[in-house]
Amino acid sequence: MAKRVHQPREDAEFDFILGMSGVPVLAYFTGTWPKAIEPCRMMDLVVADIADDYSGRLTVVRTDITRCPAATERYGITGAPSCVLLKERQAVAHGTGPMTITEVRELLDGHL
């Protein structure tokens, strides 16, 4: 995972990252149950590239659903992988399931 991708260990850390970010946040929600592992691994590569490509314009947060249950509930996440673009802690775009880098860029570009 790229160094530019934050990985909070709990909800408080997730909220801290959101509060410290001066740019929009791409919250990428992952899961560790068997059916989620492979799609989330594929998305890890996409998200790492997005973090590099949008450096300075976007904060990327890789969020484990089981470690950040309050954030998961707050943003209506029902499966993994899922991406939510946040501006000032408000969801402005949402994508669910494995996405290509092109699909993630399309999700972001209309809002950045």
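# Note on the predicted fold: sheet, helices and aromatic cluster

1. E38 has a relative accessibility of 46% and therefore counts as partly exposed, since that class lies between the 20% limit for buried and the 50% limit for exposed. The residue belongs to helix α2. Although E38 and P98 are separated by 60 residues in sequence, their C-alpha atoms are 9.4 Å apart in space. The reader should bear in mind throughout that this is a predicted model.

2. The sheet comes next. It is open and has 5 strands, in the order β1-β3-β2-β4-β5, with mixed pairing. The edges are formed by β1 (5–6) and β5, each of which pairs on one side only. In general, strands of a sheet pair through backbone hydrogen bonds, and the pairing may be parallel or antiparallel.

3. Which strand is joined to β2 by 6 bridges in a parallel arrangement? The partner is β3: strand β2 covers residues 25–30 and strand β3 residues 59–64. Within this pairing, L26 has V60 as its bridge partner in β3, and F29 stands opposite T63 in β3. Strand β1 also runs parallel to β3, to which 2 bridges join it. There, V5 has V60 of β3 as its bridge partner.

4. Strand β3 is mostly covered, with 6 of its 6 residues buried. Its side chains divide into two sets: T59, V61 and T63 point one way, V60, R62 and D64 point the other way, and all are buried. The general background is that side chains in a regular strand alternate between the two faces of the sheet.

5. How do β4 and β5 run with respect to each other, parallel or antiparallel? Strand β4 (residues 82–87) and strand β5 (residues 90–96) are antiparallel and joined by 6 bridges. V84 stands opposite H94 in β5. The two strands make a hairpin with 2 residues between them, and E88 in the turn has a positive phi of about 50°.

6. Two helices should be read together with the sheet. As already noted, β2 and β3 run parallel and are joined by 6 bridges. Helix α1 (residues 11–20) packs on the sheet and touches β1, β2, β3 and β4, its direction making about 170° with that of β3. Helix α2 (residues 34–53) likewise packs on the sheet with contacts to β1, β2, β3 and β4, and its direction makes about 165° with that of β2.

7. The aromatic pairs number 2. In one of them, the rings of F14 and F29 have centres 6.2 Å apart and planes at 45°, so the pair is tilted. This pair links distant parts of the chain, as F14 is in helix α1 and F29 is in strand β2, 15 residues apart. F14 counts as buried because its relative accessibility is 1%, and F29 counts as buried because its value is 0%; the limit for burial is under 20%.

8. F14 also pairs with Y75: the ring centres are 6.4 Å apart and the planes stand at 55°, so this pair is tilted. Tilted is the class for planes that are neither under 30 degrees apart nor over 60. Why does this pair tie together separate parts of the chain? F14 lies in helix α1, whereas Y75 lies in the loop between α3 (69–74) and β4, so the parts tied together are 61 residues apart in sequence. Y75 counts as buried because its relative accessibility is 11%. Through these ring pairs, F14, F29 and Y75 are linked into a cluster.

9. Helix α2 also packs against helix α4 (residues 101–109), at an angle of about 50° and with the axes 10 Å apart. The angle makes α2 oblique to α4. Their crossing is right-handed. On the α2 side the contact is made by M43, V46, D49, I50 and D53, and on the α4 side by I101, V104, R105 and L108.

10. One of the contact residues, D49, has its place in helix α2. It counts as partly exposed because its relative accessibility is 40%. D49 and V5 are 44 residues apart in sequence, while their C-alpha atoms are 9.9 Å apart in space.

Methods:
Residues numbered from 1 in each chain as written. Predicted model: local features only at pLDDT ≥ 70, side-chain atom pairs only at ≥ 80, totals over all residues. Heavy atoms only, no water. Pairing = 2+ DSSP bridges. Helix = DSSP H or I, 4+ residues; strand = E, 2+ residues; numbered from the N terminus. Contact = heavy atoms within 4.5 Å. Axes fitted to C-alpha atoms, helices over the stretch in contact; angles between N-to-C directions. Phe/Tyr/Trp six-rings, centres within 6.5 Å; stacked < 30°, edge-to-face > 60°. Buried < 20%, exposed > 50% of the residue type's maximum accessible area, 1.4 Å probe, protein only. Parallel < 35°, antiparallel > 145°, perpendicular 65-115°, else oblique. Left-handed = near helix turned anticlockwise from the far one by under 90°.
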